[in-house]
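Me: Could you take a close look with me at one helix pair in this model, and say how the two helices meet? A little background on the chain around them would be welcome too.

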Amino acid sequence: MPTNAKRRVSAARQVVSLKLKENIDLNQINAELPEVIRVFNYKRVTKGFNSKSQCDGRSYIYLIPTVAFAPHDKEVSQKDFRLDDETFTKINTILENYLGTKNFHNYTSKKKHNDPSANRYMKSFVCEKPFIRKEVEFAILKVHGQSFMLHQIRKMVGCLLAIIRGLATEDIIKESFKSDKVIIPRAPGLGLVLEYVHYD
């Protein structure tokens, strides 16, 4: 379900905090919801608990056809393209540049380098092994971070695509963390899904 239509992010799983009566019947709640939205469980929490601001991290996935990684100067068929092992390894090596605490001011809008809130901590960012659906090969990019800013993930993916396709060098990532303004391409919102909310 869309978590924010403006940000074009969907959620496979989501956690919300709200007041409910003592005896909760999940079947009754689900009967009132659209079939694509299900409540799986509930948990009593302390007064004032906010599921959005008090989580320890979030995991997102980005589903992408691997043909998006094809060199920009070659014509390829979506059904025929397959990601080779060398490119797969290179993708994961590039994604390691985002790990740890970095200044992501170039990966969002209206954020200055000297703004402390531009610093974000990424715990993991990997490309999983490709798979085929209806003759088309896809891959899942999975990122786990403490928190994210508007467009941040889409720009991280966009930067990765630019490098792999030969439109930018890997140095652009390190430069983007510095104080100068760097134009980072933004990947489409379709395919970006909130997968898990962490409470460690």
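Reply: Happy to, and let's start from the outside. The chain exposes about 12900 Å², and carbon and sulfur atoms supply 50% of that area. Bear in mind that this is a predicted model. Of the 200 residues in the chain, 38% are buried. The C-alpha trace spans about 60 × 45 × 25 Å along its principal axes.

Now for the elements. The chain holds 4 helices and 8 strands, and read along the sequence they follow the pattern β-β-α-β-α-β-β-β-β-α-α-β. Contacts in the chain between residues at least 6 apart in sequence are worth a glance as well: 68% of them join residues at least 24 apart.

With that in place, here is the pair itself. Helix α2 covers residues 85-95 and helix α3 covers residues 152-164; their axes come within 11 Å and cross at roughly 135°. Because angles over 145 degrees would count as roughly antiparallel and 65 to 115 as roughly perpendicular, that crossing makes α2 oblique to α3. As for handedness, α2 passes α3 in a right-handed crossing.

Which residues of α2 and α3 make the contact? From α2 come T87, K90, I91, I94 and L95, and these meet L160, I163 and I164 of α3. By character, the residues of this contact divide into 6 nonpolar, 1 polar and 1 charged. The charged one is K90 and the polar one is T87, while I91, I94 and L95 of α2 count as nonpolar, along with L160, I163 and I164 of α3.

Notes: Residues are numbered from 1 along each chain as its sequence is written. This is a predicted model: local features need pLDDT of at least 70, side-chain atom pairs count only at pLDDT 80 or more; totals for chains, interfaces and linings use all residues. Side-chain values use heavy atoms; hydrogens and water are left out. Axes are lines fitted to C-alpha atoms, for helices over the stretch in contact, and angles run from 0 to 180 degrees between N-to-C directions. Helices (H or I, at least four residues) and strands (E, at least two) are DSSP runs, numbered from the N terminus. Angles under 35 degrees count as roughly parallel, over 145 as roughly antiparallel, 65 to 115 as roughly perpendicular and the rest as oblique. A crossing is left-handed if the near helix is turned anticlockwise from the far one by less than a right angle, and right-handed if clockwise. Contact means heavy atoms within 4.5 Å. Buried means under 20% relative accessible area, exposed over 50%, partly exposed in between (1.4 Å probe, protein chains only). Accessible areas come from the Shrake-Rupley method with a 1.4 Å probe; for residues, only the protein chains shown count as cover.
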